[in-house]
Amino acid sequence: MFVPHPIGYVSSPYNDSKQIPKGLHTKHEAEGVLRILPEFEVGLTDIEGFSHLFVLWEFDRSRDFDLIGAPPIDTRPHGVFATRSPRRPNPIGLTVVSLLRRENCTLHVRGVDMLDGTPILDIKPYMSSVPEEILRRGWLEEAESREKA
Ligand SMILES: C[S@@+](CC[C@H](N)C(=O)[O-])C[C@H]1O[C@@H](n2cnc3c(N)ncnc32)[C@H](O)[C@@H]1O
């Protein structure tokens, strides 16, 4: 396996997990900055054309993992791979952000849910080819229906 090295770090308004909005219908609107290391700047060529990006990052403040756990948005336990829990065997996070603007090595984005200083592993342009009508959202849909009932 390769040894991951950060390509940059997130500047976010969150210094504590408690500050990060959680809940079933939470929309992450916080603005942040992806500070990419200068040696990777050429890799950002043409990124301005994309409205949204996938950001892969490390849950660097998570220790250990739980294979089963109840997420804060549901009372029922689920397998770690059916959730977005920070406590996973490989502590990799994935966040979709909107790209507001680029200044050289710096990407200004909206939609961060990472703590300040989080290491960035990779960035890819956002693309989704799954039509809404065939997308299933598992236990999340059930939790939302229970909330409405
Ligand atoms: C539910 S996870 C979802 C993260 C990402 N959107 C994903 O799906 O992989 C978001 C939570 O991870 C935690 N978190 C954020 N940055 C972290 C970091 N650098 N290390 C450990 N935990 C972090 C915070 O508690 C935050 O509320």
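This is a short chat about salt bridges and burial in a predicted model.

Mentor: Quick ground rules: the model is predicted, so local features need pLDDT of at least 70, side-chain atom pairs count only at pLDDT 80 or more, and totals for chains, interfaces and linings use all residues. Residues are numbered from 1 along each chain as its sequence is written, and side-chain values use heavy atoms, with hydrogens and water left out.

Trainee: Why is the contact between Arg110 and Glu31 called a salt bridge?

Mentor: A salt bridge needs a side-chain nitrogen of Lys or Arg within 4 Å of a carboxyl oxygen of Asp or Glu. Arg110 and Glu31 have N to O at 3.0 Å, so the pair fits that definition.

Trainee: What makes that pair tie together parts apart in sequence?

Mentor: Arg110 lies in strand β7 (residues 106-110) and Glu31 in strand β2 (residues 31-36), so the parts they tie together are 79 residues apart in sequence. Strands here are DSSP runs of E, at least two residues, and helices are runs of H or I, at least four, numbered from the N terminus.

Trainee: Asp74 and Arg146 form a salt bridge too. How do you know whether Asp74 is buried or exposed?

Mentor: Buried means under 20% relative accessible area, exposed over 50%, partly exposed in between (1.4 Å probe, protein chains only). Asp74 has 9%, so Asp74 counts as buried. Its partner Arg146 has 31%, so Arg146 counts as partly exposed.

Trainee: And what makes Glu144 buried?

Mentor: Glu144 is at 12% relative accessibility, so the buried label applies. Glu144 meets Arg137 in a salt bridge at 3.0 Å, N to O, and Arg137, at 35%, counts as partly exposed.
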